[in-house]
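Biologist: Please introduce this structure and the terms needed to read it.

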Amino acid sequence: MTIGSDAIEHRFGFHKATIEGENATLPRHRDVRLKFREFAEFIDGVLPDGRAKSVAFTELESASMWAHKAIAEDAPLVAE
């Protein structure tokens, strides 16, 4: 099965962040960053140091990355 040019462009093209309007992405990026930081601070304070805590932070970073990608993909593609 091929992914197709349109899907590849959508996944790997540049999606320009928008500041205003109904589909503005910058405010959503900000809100997501704040919530991830809050949760990171919380788990940093309650989890004991060690490998499991390190893995939890790695996975949290992964979740943050995917969340931001989901928001970015909602922005319009820009021709480069």
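Modeller: Helices (H or I, at least four residues) and strands (E, at least two) are DSSP runs, numbered from the N terminus. The model is predicted, with pLDDT of at least 70 required for local features and 80 or more for side-chain atom pairs, while totals for chains, interfaces and linings use all residues. Residues are numbered from 1 along each chain, and side-chain values use heavy atoms, without hydrogens or water. Phe-42 lies within residues 26–46, helix H2.

Biologist: How is H2 oriented relative to H3?

Modeller: The axes (lines fitted to C-alpha atoms over the stretch in contact, with N-to-C angles from 0 to 180 degrees) of H2 and H3 (residues 51–72) come within 10 Å and cross at roughly 170°. Because angles over 145 degrees count as such, H2 and H3 are roughly antiparallel.

Biologist: Which residue of H2 forms a salt bridge with Asp-74?

Modeller: A salt bridge places a side-chain nitrogen of Lys or Arg within 4 Å of a carboxyl oxygen of Asp or Glu, and the whole structure has 6. Asp-74 belongs to the loop between H3 and strand E2 (77–78), 46 residues from its partner. At 3.1 Å, N to O, that partner is Arg-28.

Terms used. Parallel < 35°, antiparallel > 145°, perpendicular 65-115°, else oblique.
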